[in-house]
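User: Please take a close look at one part of this predicted model, the open sheet of mixed pairing and what packs around it, and set that part in the context of the whole chain.

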Amino acid sequence: MDTTPKGNRLHIALLGRTNVGKSSFLNLVVGQDIAITSSVAGTTTDVVEKAMELLPLGPVLFLDTAGLDDASELSALRLKKTEKIFDRADIALLVTEPDVWGTYEEEVLAEMDKRRVPVIVVVNKIDLHRPSDSFLQNLKAKVSHVIPVSSLDTAGRNAFLDTLKRRLLEAAPDDFVQPPSLVGDLLPPGGLAVLVVPIDLQAPRGRLILPQVQTIRDALDNDAAVLVVKERELPATLALLNRPPDIVICDSQVILKVSADVAPAIPLTTFSILFARQKGDLATAAEGVAYIENLQSGDKVLIAEACSHHPLEDDIGRVKIPRWLKQYAGGNIQTDISAGRDYPENLREYKLIIHCGACMLTRREMLGRQQQAREAEVPVTNYGLAISFTQGVVRRTLSPFPSALLAFDRKIKELHPP
Ligand SMILES: Nc1nc2c(ncn2[C@@H]2O[C@H](COP(=O)(O)OP(=O)(O)OP(=O)(O)O)[C@@H](O)[C@H]2O)c(=O)[nH]1
Ligand SMILES: [Mg+2]
């Protein structure tokens, strides 16, 4: 995970006057002392960088800066360094103290506004002094994101991280929340993807469904070729090729047959896993699916659909997944269906959430729903992974995605120590 290039990390700048606790805040977030703090104003002189993985948001880079004392210093030498940070930031965390707001903070807001960089205001040191209501109200009129915190409150770290992650997710610029490519990055230029598409009663007349078409288009955009075949013709078609394809992608419902027909050395996955990666954090869903192993008779599972009517996935969410879960767990697993934009209130009652393909949600929304599940301490996975898991082939279908596979293996080990 540390191999993510700097350019792909969300750069989060910590800005604020000297001594407000920027470095202490960074230490709280990171969970260890990496930045030097002290009661002497001007402790941080050079920029301290800290890379971190904030799931489900993704890789971030915190930039702790030297504080500036007041507006007059904005024109001084230190401004040069800080301005560079202004230009590098994707998001700014403007740290201040309760009831402290002046020209300096206004100038930072204006500078960030000029650059169209979103700002989250962190009101620090609330253990010393509670911010007044009027202070908070005035702030909220200026910026959409305000979070109060005490950077010394290490016991409250986990809860605070959840709040911070949610705010970052809401405020992060679109291009950071941009989905990874569907298959393009799994295919070399000139490569070949074989798509296995069942044409059964559920297939629409005379055409392919959108996820299949999108996959074909993405492969073409990446200068690769696509061969589309039904599951019955797959073995004969593979035998025609003079070299193995770079990847085989099939409908989840035929994964068992296809995995038997495709040589183990050939990368294999399903359309729904490709979309799970595009619409959310695949590692989070891969960790979540490991919990199916733990389900016991009497446990409740939430099948979450993002829209209120979903004829295509109806049968999968309402009939097939519940049946496979019961077979897998060998007992009575109670499945509730929730449809629509929100999770039900009683999320904590569930042992697992299995989410639909989220075709009606944006990636930001789906990441938000994964984060919400984390906050309720309920693992969350999705239809495609759940199907692969109950069919016993999830390690195979995750193998094109090494970091998600690693997350899955780690979770299995954690849940079932050898
Ligand atoms: N009580 C209390 N003290 C805090 C809190 N956060 C930081 N401090 C203290 O405030 C002082 C300044 O903290 P730093 O983290 O060094 O502040 P900074 O903004 O990085 O300062 P410069 O690097 O000098 O710009 C230190 O003595 C911290 O222990 C907090 O939430 N509560
Ligand atoms: Mg500092």
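Analyst: Of the 418 residues in the protein chain, 52% are buried, and the accessible surface of this predicted model comes to about 19,600 Å², with carbon and sulfur atoms accounting for 51% of that area. Along the principal axes, the C-alpha atoms fill a box of roughly 75 × 50 × 45 Å, and the chain holds 16 helices and 14 strands. When contacts between residues at least 6 apart in sequence are considered, 76% of them join residues at least 24 apart.

The part in question is an open sheet of 6 strands, whose order is 2-3-1-4-5-6 and whose pairing is mixed. Its edges are formed by strand 2 (48-54) and strand 6 (145-148), each of which pairs on one side only, and from one strand to the next the twist averages 25°.

Strand 1 can be followed to both of its partners. Toward strand 3 (residues 58-64), strand 1 (residues 10-16) is joined by 5 bridges in a parallel arrangement, and leucine 14 stands opposite aspartate 64 there. Toward strand 4, strand 1 again runs parallel and is joined by 5 bridges, with leucine 14 standing opposite leucine 93. Leucine 93 in turn has isoleucine 120 of strand 5 as its bridge partner, within a parallel pairing of strand 4 and strand 5 that extends over 5 bridges.

Strand 4 deserves a closer reading, since 6 of its 6 residues are buried. In a regular strand the side chains alternate between the two faces of the sheet. In strand 4, Ile91, Leu93 and Val95 point one way while Ala92, Leu94 and Thr96 point the other way, and all of them are buried.

Helix 1 (residues 22-30) is likewise mostly covered, with 9 of its 9 residues buried. The buried residues include the polar-to-nonpolar run from Lys22, Ser23 and Ser24 through Phe25, Leu26, Asn27 and Leu28 to Val29 and Val30. Their cover includes strand 1, strand 2, strand 3, strand 4 and strand 5, together with helix 5. Just after helix 1, glycine 31 takes a positive phi of about 85°.

Helix 5 (residues 157-171) lies across strand 1, strand 2, strand 4 (91-96), strand 5 (119-123) and strand 6, and runs at about 170° to strand 6. Arginine 157, which lies in helix 5, gives a specific view of how this helix meets the end of helix 1: its C-alpha atom is separated by 7.2 Å from that of valine 29, although the two residues are 128 apart along the chain. Leaving aside neighbours within four places in sequence, arginine 157 is in contact with Leu28, Val29, Val30, Gly31 and Met52.

Two of those contacts of arginine 157, Val29 and Val30, also belong to a nonpolar core of 32 residues, which includes Leu164 and Ala172 as well. In soluble globular proteins, nonpolar side chains tend to be buried together.

That core is separate from the largest one, which has 50 residues and in which Ile321, Ile354 and Leu398 touch the most other members. Domain 2 (184-272) and domain 3 (285-415) both give residues to the largest core, so it lies between them. Isoleucine 321, leaving aside neighbours within four places in sequence, is in contact with Ile303, Ile316, Ile354, Tyr383 and Ile387.

For context, there is also an open sheet of 4 strands in the order 12-11-13-14, where the pairing is parallel. Strand 12 (334-339) and strand 14 (380-382) are its edges, each pairing on one side only, and the twist averages 25° from one strand to the next. Within this sheet, 4 bridges join strand 11 (residues 300-305) to strand 13 (residues 352-355), which run parallel, and leucine 302 stands opposite isoleucine 353. Helix 11 (residues 282-289) packs on the sheet by touching strand 13 and strand 14, its direction making about 100° with that of strand 14. Helix 14 (residues 383-390), by comparison, lies across strand 11, strand 13 and strand 14 and runs at about 85° to strand 14.

Conventions. Residues are numbered from 1 along each chain as its sequence is written. Chains are lettered from A and ligands numbered from 1 in the order in which they are written. This is a predicted model: local features need pLDDT of at least 70, side-chain atom pairs count only at pLDDT 80 or more; totals for chains, interfaces and linings use all residues. Side-chain values use heavy atoms; hydrogens and water are left out. Two strands pair if DSSP finds at least two bridges between them. Helices (H or I, at least four residues) and strands (E, at least two) are DSSP runs, numbered from the N terminus. Axes are lines fitted to C-alpha atoms, for helices over the stretch in contact, and angles run from 0 to 180 degrees between N-to-C directions. Contact means heavy atoms within 4.5 Å. A nonpolar core is a set of buried Ala, Val, Leu, Ile, Met, Phe, Trp, Tyr and Cys residues joined through side-chain atoms within 4.5 Å. Buried means under 20% relative accessible area, exposed over 50%, partly exposed in between (1.4 Å probe, protein chains only). Domain bounds come from an automatic or database domain assignment. Accessible areas come from the Shrake-Rupley method with a 1.4 Å probe; for residues, only the protein chains shown count as cover.
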